[in-house]
Amino acid sequence: MYHYAGIDVSLECSTICVVDGAGKILREAKVASEPAALIAWFRSLGVSLERIGLEAGPLSQWLYGALRDAGLAVELLETRHVRDAFKAMPVKSDRNDARGIAQLMRLGWFRPVHCKSIEAQETRAILTARKLLQSKLRDVENSVRGVLRGFGLKVGKTTERSFAGRIRELVAGHPGLELVAKALLEAHAVVLREFNGLDKHTQKLARSHPPARLLMTTPAVGPIVALTYAAAIDDPTRFRSSKATGAHFGLTPKKYQSGQTDYSGRISKIGDASVREALYQAAHVMLTKPLKGCSALKSWAMRIARRAGMSKAKVALARKLAVILHRMLTDAKPFNPMAKGAVI
């Protein structure tokens, strides 16, 4: 008889449930969320497991890789599918979640998630840290401007180099404001230094990263967009068609059809939000800046803009870019403005 297992992963302990082919619960336990402990527990069962499921999460990729390397038939489940499957559950607990995942494994009602490589995870971590520092820089600058505005002191337009000098000039003669400005400017200087260092490393990483370097041959696609997209795709062969990338990153409209009702809504916004943002930014640059080598794509998007508005045109162009960039990675060829996908 076949056996299936579900793991509800938590920071300290993971809850495990094992069921047979008829859905009967055979074993339940709480095990430390460590690969060695989980592998030892499964091997102590004395039965062969057809599938082991765990929901995608912060620890899941680490545990998934270790369990897979140990020869266990483990599957990483899409969080959205698991959440929707458990909506009818009257009581939510770690134990019930593990039972539900085990039943999903038994029924086969799940969609496996790609576990990214260590290189892709590290690239993503660098990009996330860079974006965090960038947002904190903006927060500090806006806070300083907000504090001074309450006293009628208007900072106005500044550059990275002139910002601190302008603030000191405005607060001169205001002891309380000088104290506040000194603390915030010192914090600003530290965050700015670290951000610039991480930004330089990101630029260097993009130049030494073959997939990112390939994607950067596309107009409007810079180092950040290229690294973000390459890290999210990781393995281009996991997509059967380049067209699937638009839906994968939530850039296709939602559709509802039932009986006589049939309509399409706004884009689904499922999947990786950072990739969606990066592609939208690239589309914005392509439509608003004079760039060479993208006249066909730009003309196509501008026709949509005249018919449906600039915002929808940027979304459509972002979806088109997702397809083109994936095809470039699959074929290992640079951007060709005369290729079929780039000429509309």
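## The enclosed cavity

V144, V147, L148, I167, V171, L177, V180, A181 and L184 form the lining of the largest cavity in this structure, which is a predicted model. By class, that lining consists of nine nonpolar residues, with no polar and no charged ones. Its volume is about 40 Å³, and a search of the whole structure finds one cavity of 30 Å³ or more.

Three helices, α5, α6 (163–171) and α7 (175–208), each contribute at least two residues to the lining of the largest cavity. Of these contributions, the largest share belongs to α7, which gives four residues.

## The largest pocket

The largest pocket has a volume of about 1000 Å³, and 28 residues line it, with E78, V113, K116, H248 and G271 lying nearest its centre. The elements that give two or more residues to this lining are α3 (79–85) and α10 (244–248).

In chemical terms, the lining of the largest pocket is mixed, since its residues divide into twelve nonpolar, eight polar and eight charged.

## The second largest pocket

For the second largest pocket the computed volume is about 400 Å³, and 15 residues line it, among which R130, K131, Q134, I224 and E277 are the closest to its centre. This lining comprises four nonpolar, six polar and five charged residues.

At least two residues of the lining of the second largest pocket come from each of α5 (118–149), α9 (223–233) and α11 (273–288). Helix α5 supplies the largest share, eight residues, and α5 is also among the helices that each supply at least two residues of the lining of the largest cavity.

## Packing of α1 and α2

Two packed helices are described by the angle between their axes and the distance between the axes. For helix α1 (residues 35–43) and helix α2 (residues 60–69), the angle is about 45 degrees and the axes are 9 Å apart. Because of that angle, α1 counts as oblique to α2, and the crossing in which α1 passes α2 is right-handed.

## Confidence in the model

Across the protein chain the mean pLDDT is 93, and 99% of the residues reach 70 or more. Confidence is lowest in α3, where the mean is 86, and highest in α9, at 97. Both helices also appear in the pocket linings described above: α3 gives two or more residues to the lining of the largest pocket, while α9 supplies at least two residues to that of the second largest pocket.

Definitions and conventions:
Residues are numbered from 1 along each chain as its sequence is written. This is a predicted model: local features need pLDDT of at least 70, side-chain atom pairs count only at pLDDT 80 or more; totals for chains, interfaces and linings use all residues. Side-chain values use heavy atoms; hydrogens and water are left out. On a 1 Å grid over the protein atoms alone, a cavity is a set of points where a 1.4 Å probe fits but cannot get out, and a pocket is an open set with protein on both sides within 12 Å along at least five of seven lines; lining residues have an atom within 4 Å of a point. Grid points are joined across faces, edges and corners, and a volume is the space filled by probe spheres set on the points. Ala, Val, Leu, Ile, Met, Phe, Trp, Tyr, Cys and Pro count as nonpolar, Asp, Glu, Lys and Arg as charged, and the others, Gly among them, as polar. pLDDT is the predictor's confidence in each residue, from 0 to 100. Axes are lines fitted to C-alpha atoms, for helices over the stretch in contact, and angles run from 0 to 180 degrees between N-to-C directions. Angles under 35 degrees count as roughly parallel, over 145 as roughly antiparallel, 65 to 115 as roughly perpendicular and the rest as oblique. A crossing is left-handed if the near helix is turned anticlockwise from the far one by less than a right angle, and right-handed if clockwise.
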